[in-house]
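Trainee: Could you take me slowly through one part of this structure, and show me how its pieces fit together? I would like to follow the strands and then the helices around them.

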Amino acid sequence: MSDLPRKALSRTAKLASLPLGAAGRATVGLGKRIGGAPAEAVAAEFQRRTADQLFSVLGELKGGAMKFGQMLSLMESAMPEELAAPYRATLTKLQDSAPPMPAETVDKILSRELGKRWRDRFQEFNDLPAAAASIGQVHRGILKDGREVAVKLQYPGAAEALRADLKQLGRFGRTFGALIPGIDMKPLVAELQERIGEELDYDREAQAQQQYADAFKDHPEFVVPRVIKHSPTVIVSEWIEGKPLSKVITEGSQQERDEIGLKYVRFMFSGPLLAGLLHSDPHPGNFRVMPDGRLGVVDFGLCARLPDGLPPAMGRLLHISLQGDGNAVLEGLRAEGFIKPRMEIDPDQLMDYLAPFAEPARADSFQFSREWMRAQANRTSDFRSPNATMGLKINLPPSYLLIHRVWIGGIAVLSQLEAEAPFRSVLEEFLPGFVDADA
């Protein structure tokens with residue numbers, strides 16, 4: 001594979017193979033049941049093979065399909081355990097890796113972007129990627145001056161592939177919902193379509209990364225690698241070595257998960273205040289635990305520009321919701337554009353719907369868990385419930401799109417970590433309007 005499969009017909013066929021493959025395995029499963037195999041064994045085998053195919057297809061296609069898979073991997077903590085278990089390991093792979101580009105394609109890209117004698121810039125360059133993700137892969141190298149660097153290069157045809165994938169994933173949304181129940185696909189696809197251009201612009205990403213690196217230089221809790229060179233499709237930056245957050249989720253002690261969970265939240269909330277940016281891709285593949293305990297952060301392709309910090313209305317409304325004043329919350333949400341002027345909403349029902357968003361801020365310390373996350377997902381996914389219909393009445397203003405993504409995605413990661421920590425203190429320190437709401 002020299003680059004991303006770019007022809008829409010080819011990519012559509014691969015995406016279509018997921019539901020077709022599932023149907024075939026279901027038929028085989030039926031045959032096994034007729035032959036006397038236990039139902040539980042047949043179901044487990046079906047889900048394992050579906051998970052394997054999911055990784056194979058989404059990983060090979062990369063592009064929007066791969067990014068879509070990474071987003072799904074964030075939300076597995078909200079899935080029922082009996083459905084999540086077969087997919088968890090497969091989706092976690094999508095957070096950190098994908099099948100790589102051939103070495104000749106890497107050479108072609110770097111020759112174009114860094115010059116034909118690009119290897120002369122390096123003492124060493126590993127042709128095998130250290131990481132591969134949705135629209136690019138990262139190689140490890142050592143410059144002539146001895147600095148270890150990460151060389152991130154964009155897959156050829158990434159722009160075309162992303163647009164083709166998102167169009168097709170929109171068409172197959174209902175089928176993906178059948179493969180992985182409990183996940184509403186349409187908002188995920190719509191968000192990807194909204195932000196596609198930003199993630200393709202490596203110059204823009206490099207500027208955001210350097211802005212973060214400057215703001216967090218010598219920070220006691222966080223490490224952001226500095227940018228050395230960049231072009232529209234290549235970024236060369238400092239190399240950082242650490243344990244992937246995904247390994248902390250699967251192997252970390254409770255103490256480690258608690259400590260890293262708190263640092264993770266502190267990084268997200270401190271970014272707008274210190275750097276004027278909100279890192280908006282919260283999946284675990286973008287975070288590393290450094291040997292000295294600091295949290296290393298990579299991949300700044302998706303950042304919300306917030307030069308004035310987070311909106312003070314966020315903190316103010318969260319504070320008011322904790323006081324239980326439904327009418328004031330309702331009017332505040334109307335003022336911010338979350339509720340359209342003529343939409344009739346019961347304040348008490350609104351408060352019940354918003355309760356999970358405020359719950360982690362209510363106590364001095366809060367325990368996240370997969371069980372808690374699944375309970376919240378169930379509250380809003382059952383359309384017989386008032387909470388589900390309430391969700392349909394709430395509008396998401398464009399200025400809050402990435403903030404909402406980070407809030408929901410961050411809660412999902414904390415639930416995977418099952419972290420307990422004083423998260424309220426982070427809001428008091430970094431969320432404008434939360435402490436002085438009564439002022």
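Mentor: Phe-287 stands opposite Val-297 in β11, and that pair is a good place to begin reading this predicted model. The two strands concerned are β10, residues 287-289, and β11, residues 295-297, which pair in the antiparallel sense over three bridges. They belong to an open sheet of four strands, arranged in the order β5-β11-β10-β8, in which the pairing is mixed. The strands at the edges are β5 (222-223) and β8 (243-244), and because each of them has a single partner strand, one side of each is left without a neighbour in the sheet. Helix α11 packs on this sheet, where it touches β5, β8, β10 and β11, and the direction of α11 makes about 45° with that of β11.

From the sheet we can follow α11 to its contact with another helix. Two packed helices are described by the angle between their axes and the distance between the axes. For α11 (residues 254-274) and α17 (residues 401-417), the axes come within 10 Å and cross at roughly 170°, which means that α11 is roughly antiparallel to α17. On the α11 side the residues that meet α17 are Arg-257, Gly-261, Tyr-264, Val-265, Met-268 and Phe-269, while α17 brings Val-406, Trp-407, Gly-409, Gly-410, Val-413, Leu-414 and Leu-417. Sorted by class, this contact has nine nonpolar, three polar and one charged residues.

Some of these residues appear again when we look for empty space inside the model. Rolling a probe the size of a water molecule over the atoms shows where empty space is left. A search of the whole structure finds four cavities of 30 Å³ or more, and the largest of them holds about 300 Å³ of space. Its lining is made of 19 residues, and those that lie nearest its centre are Val-265, Phe-269, Trp-407, Ile-411 and Leu-427. The elements that give two or more residues to this lining are α11, α14, α17 and α18, and α17 gives the most, with six residues. By class, the lining of the largest cavity has 18 nonpolar, one polar and no charged residues.

Two of the elements just named, α14 and α18, also pack against each other. Helix α14 covers residues 347-362 and helix α18 covers residues 423-430, and they pack at an angle of about 95° with their axes 6 Å apart, so α14 is roughly perpendicular to α18. Pro-360, Ala-361 and Arg-362 of α14 make this contact with Phe-423, Arg-424 and Leu-427 of α18; by class, the contact has four nonpolar, no polar and two charged residues. Leu-427 therefore deserves a second look, since it is also among the residues nearest the centre of the largest cavity.

Helix α14 has a further partner in α13 (residues 326-336), with which it packs at an angle of about 80°, the axes being 8 Å apart, so that α13 is roughly perpendicular to α14. Here Gly-326, Asn-327, Val-329, Leu-330 and Leu-333 of α13 are in contact with Pro-347, Leu-350, Met-351 and Leu-354 of α14, and by class this contact has seven nonpolar, two polar and no charged residues.

Key:
Residues are numbered from 1 along each chain as its sequence is written. This is a predicted model: local features need pLDDT of at least 70, side-chain atom pairs count only at pLDDT 80 or more; totals for chains, interfaces and linings use all residues. Side-chain values use heavy atoms; hydrogens and water are left out. Axes are lines fitted to C-alpha atoms, for helices over the stretch in contact, and angles run from 0 to 180 degrees between N-to-C directions. Angles under 35 degrees count as roughly parallel, over 145 as roughly antiparallel, 65 to 115 as roughly perpendicular and the rest as oblique. Contact means heavy atoms within 4.5 Å. Ala, Val, Leu, Ile, Met, Phe, Trp, Tyr, Cys and Pro count as nonpolar, Asp, Glu, Lys and Arg as charged, and the others, Gly among them, as polar. On a 1 Å grid over the protein atoms alone, a cavity is a set of points where a 1.4 Å probe fits but cannot get out, and a pocket is an open set with protein on both sides within 12 Å along at least five of seven lines; lining residues have an atom within 4 Å of a point. Grid points are joined across faces, edges and corners, and a volume is the space filled by probe spheres set on the points. Two strands pair if DSSP finds at least two bridges between them.
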